[in-house]
Amino acid sequence: MILLISINKISFHYYEFVKPVEDILRRNNICFQTTQYNDINQKILDKADKIIICGTSLKDNSFVEEITKFEWLKKFDKPVLGICGGMHLLGLVFNGELRKAQEIGLKTIKYKKEFFGFKDDIEVYELHNYYAKSEEFEVIAESEKCIQAVKHKHKPFYAVLFHPEVRNKKLIENFAKN
Amino acid sequence: MKVGVLFSGGKDSTYAAYLAKKHGYAISCLVTIISENPTSYMFHIPSITKVQQQARVMKIPLLIQKTKGEKERELKDLEKIIQKAKNDYKIRGIITGAVDSAYQASRVQKICDSLNLDCFNPLWQKDQLELLKDIVENNFEVIITGVFAYPLNETWLGKKIDEKYIKEITKFFEKYKISPSGEGGETESFVLSCPLFHRSLQVVDRKITGKQNSWTMEIKIK
């Protein structure tokens, strides 16, 4: 089972940031459960084979004030993919910081190595005012402005700043399947 | 939360407004852009002046902004009217019916961010057949008012989006790769009735113009 974690405080953002990820999994007949980050408990984490932390809107980012609610990530060892806000919180949990960099719309990023079936220059959809910088993550892709894809140096934790549920849906499929 | 809806009178923006209301948002105003550019990348054109009648039957104030439709000027005009909606109606968010256009969605996102408004796109990335089915199931009466792609022709104008239409457009999708909900600009629609309307609108006259695979139907409604 894939656990989708919603970091939206405003539930109406579910349609824009969580449902598109659910639809990709549904189309690929992949079993999933969606849970809001406040409702995460050990029982749910034990059931999950992998986790996808979905993004949120530019303004709905109060999860940053509650980063201690994601401390369980330090003990978790199964694969995790963070998307946008999911990348922010992975960076923060692992001793990083948020740095200002706005990118909105279609942009080209450059992969340094293969990442869930993607490499070289790829056009992606961006929607963020910040990116996360943590020394505990290896940088896999960058845009002209900032870090776009990372992998944790010791755990199977991955994160992208762009929105693969909008363009490059295959990235989510490949993470979920492989 | 008080919100404004970017409203074109077509199925997507009306359905997005319906979802917002269903989730408890107070729709304080509708915001409509009337572009003089028939090939605008940003805005839906056919039957747009009819939005006044739609707003009336929704009993929601309508803000209209005209634009010459030059690419970046269009965005300045959009920003101006959203700023007015924020000032006059104290809205804290904007609802759009964007489904897949990164061009449209990203520009509205930028404007909302600069005005410190949240931006809601409840139809974003939605499967287009699912969208059509949802519209039918939620008692929307929607007609086609424009077709702009081969092999669609004038016989599609005035068609109601119902189960029969969904079957027909699905065949065209499979054979010609026409987007079922017209996301690529293949079709334009107009909402005559939906749960947000206090009464249904009726077409009393129609004028069809066009050629080959590009046709529009101007309607008079009451």
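1. Two residues are said to be in contact if their C-beta atoms, placed from the backbone, lie within 7 Å. The structure discussed in this note is a predicted model, in which local features need pLDDT of at least 70 and side-chain atom pairs count only at pLDDT 80 or more, while totals for chains, interfaces and linings use all residues. Residues are numbered from 1 along each chain as its sequence is written, and chains are lettered from A, with ligands numbered from 1, in the order in which they are written.

2. Chain A has five helices and nine strands, where helices (H or I, at least four residues) and strands (E, at least two) are DSSP runs numbered from the N terminus. Read along the sequence, the pattern of chain A is β-α-α-β-α-β-β-α-β-β-β-β-β-α. The radius of gyration of chain A, taken over C-alpha atoms, is 15 Å, which is close to the 16 Å that the globule rule (2.2 Å times the number of residues to the power 0.38) gives for 178 residues, so chain A is as compact as a globular protein of that length.

3. The C-alpha trace of chain A spans about 40 × 35 × 35 Å along its principal axes. Of the 178 residues in chain A, 46% are buried; a residue is buried if 20 or more other C-beta atoms lie within 10 Å of its own, exposed if 12 or fewer, and partly exposed in between, with C-beta atoms placed from the backbone. Among the contacts in chain A with a separation of 6 or more, 72% are between residues 24 or more positions apart.

4. Why is helix α4 (residues 85–93) of chain A described as largely enclosed by the rest of the structure? Eight of its nine residues are buried, so α4(A) is largely enclosed. The buried residues are Gly85(A), Gly86(A), Met87(A), His88(A), Leu89(A), Leu90(A), Gly91(A) and Val93(A). What covers them includes β3 (50–53), β4 (80–83), β5, β6, β7 (137–142) and β9 (157–160) of chain A. The helix is followed by Asn95(A), whose phi is positive, near 60°.

5. Where the two chains meet, 17 residues of chain A are in contact with 14 residues of chain B. On the side of chain A that touches chain B, the elements giving two or more residues are α1 (14–17), α2 (19–27), β5 (97–111) and β6 (121–133) of chain A. The largest share of that side, three residues, comes from β5(A). By class, this side of chain A has nine nonpolar, three polar and five charged residues, where Ala, Val, Leu, Ile, Met, Phe, Trp, Tyr, Cys and Pro count as nonpolar, Asp, Glu, Lys and Arg as charged, and the others, Gly among them, as polar.

6. Chain B contains six helices and nine strands. The radius of gyration of chain B is 16 Å, close to the 17 Å that the globule rule gives for 222 residues, so chain B is as compact as a globular protein of that length. Its C-alpha trace spans about 45 × 35 × 35 Å along the principal axes, and buried residues make up 45% of the 222 residues in chain B. Among contacts in chain B between residues at least 6 apart in sequence, 73% join residues at least 24 apart.

7. The domain assignment of chain B, with bounds that come from an automatic or database assignment, gives domain 1 (2–120) and domain 2 (128–221). The C-alpha centres of these two domains of chain B lie 20 Å apart, and the contact takes 19 residues from domain 1 and 25 residues from domain 2. The elements that give two or more residues to the side of domain 1 that touches domain 2 are α1 (11–22) and α2 (51–58) of chain B. Of these elements, α1(B) gives the most, with six residues. By class, the same side of domain 1 has seven nonpolar, seven polar and five charged residues.

8. Is helix α6 (residues 163–176) of chain B mostly covered or hardly covered? The helix is hardly covered, since the count of buried residues among its 14 residues is one. From its first C-alpha to its last, α6(B) reaches 20 Å, close to the 20 Å expected at 1.5 Å a residue (the expected span being 1.5 Å times one less than the number of residues). Following α6(B) is Lys177(B), whose phi is positive, near 60°.

9. Strand β6 (residues 141–147) of chain B is mostly covered, with six of its seven residues buried. This strand pairs with strand β7 (residues 187–193) of chain B in the antiparallel sense over six bridges, two strands being paired if DSSP finds at least two bridges between them. Glu141(B) stands opposite Ser193(B) in β7(B). With strand β9 (residues 214–221) of chain B, β6(B) also pairs in the antiparallel sense, over two bridges, and the bridge partner of Gly146(B) in β9(B) is Thr216(B).
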